[in-house]
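Here are a few exercises to work through with the model open beside you. Try each task on your own before reading its solution.

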Amino acid sequence: MLDLLAEPPLPVQVISFDVAQLSALLAVDIPAGKHLPQSFTISVARLDQVHADISGNKWFKLKFNLVNAMNLGADAVLSFGGAWSNHLHALAAAGHALGIPTIGMVRGEVGPQLTPTLEDCRHWG
């Protein structure tokens, strides 16, 4: 079995990063060895490296709605989530980055102190 975490680390090179697409594609060179007759390169999409505040899967869910809102000239984007909602967090971060005001409707009761997630949302707008 090929150990991808073996020492020394395999050479990894970022071969593309498109801010508009918010995706990172890495090239990983796999050298030939005892059980692998020839070397090859694989491409890996690292969704954990998409954005510090917009997790990869959330970006892919939000992207087309945000583009549509911009194309329609919407005043803001509204969505629903809980007090610890990664969705509201990603929406607020993306809206802030793109200059689109966002409104988060929080399900349930908000306690006397905002969660760190909602603090970020309030900070981003």
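The exercises below go from the whole chain to single elements and then to the core of this predicted model.

**Exercise 1. Find the order of helices and strands along the chain, and say how confident the predictor is**.

Solution. Start by counting: the chain has three helices and five strands. Next, read along the sequence, which gives the pattern β-β-β-α-β-α-β-α. Then turn to confidence: the mean pLDDT is 79, and 81% of the residues reach 70 or more. Over residues 1–20, however, the pLDDT is below 50, although this stretch has 30 contacts in the model beyond near neighbours in sequence.

**Exercise 2. Work out which way the side chains of strand 4 point, and how strand 4 is joined to strand 5**.

Solution. Begin with the general rule: in a regular strand, side chains alternate between the two faces of the sheet. Now apply this to strand 4, residues 77–81: Val77, Ser79 and Gly81 point to one face and are buried, while Leu78 and Phe80 point to the other face and are not buried. Moving to the pairing, strands 4 and 5 run parallel and are joined by five bridges. One residue to check is Phe80, whose bridge partner in strand 5 is Met105. Finally, add the helix: strand 4, helix 2 and strand 5 make a right-handed β-α-β unit.

**Exercise 3. Decide which residues of helix 3 are buried and which are exposed, and explain the arrangement**.

Solution. First list the buried residues of helix 3 (116–124): Thr117, Leu118, Cys121 and Trp124. They cover an arc of only 125 degrees around the axis, so they lie on the same side of helix 3. This goes with a general feature: an α-helix has 3.6 residues a turn, so residues three or four places apart point the same way. Now look at the face turned away from the buried side, where Pro116, Arg122 and His123 are exposed. As for what covers the buried residues, helix 2 (86–98) and strand 5 (102–106) are among the elements that do so. Last, step past the end of helix 3 to Gly125, which has a positive phi near 105 degrees.

**Exercise 4. Identify what builds the largest nonpolar core, then follow the contacts of Leu91**.

Solution. The largest nonpolar core has 16 residues, and those with the most contacts inside it are Ile54, Trp59, Leu62, Leu66, Val77, Leu91 and Ala94. Helix 1 (56–72), helix 2 and helix 3 each give two or more residues to this core. Helix 2 gives the most, with six residues. Now pick Leu91: leaving out residues up to four places away in sequence, Leu91 touches Leu62, Leu66, Val77, Ser79 and Thr102.

Notes. Residues are numbered from 1 along each chain as its sequence is written. This is a predicted model: local features need pLDDT of at least 70, side-chain atom pairs count only at pLDDT 80 or more; totals for chains, interfaces and linings use all residues. Side-chain values use heavy atoms; hydrogens and water are left out. Buried means under 20% relative accessible area, exposed over 50%, partly exposed in between (1.4 Å probe, protein chains only). Helices (H or I, at least four residues) and strands (E, at least two) are DSSP runs, numbered from the N terminus. The arc is that of the directions from the helix axis to the C-beta atoms. Contact means heavy atoms within 4.5 Å. Two strands pair if DSSP finds at least two bridges between them. A crossover is right-handed if, with the strands pointing away from the viewer, the path from the first strand over the helix to the second runs clockwise. A nonpolar core is a set of buried Ala, Val, Leu, Ile, Met, Phe, Trp, Tyr and Cys residues joined through side-chain atoms within 4.5 Å. pLDDT is the predictor's confidence in each residue, from 0 to 100.
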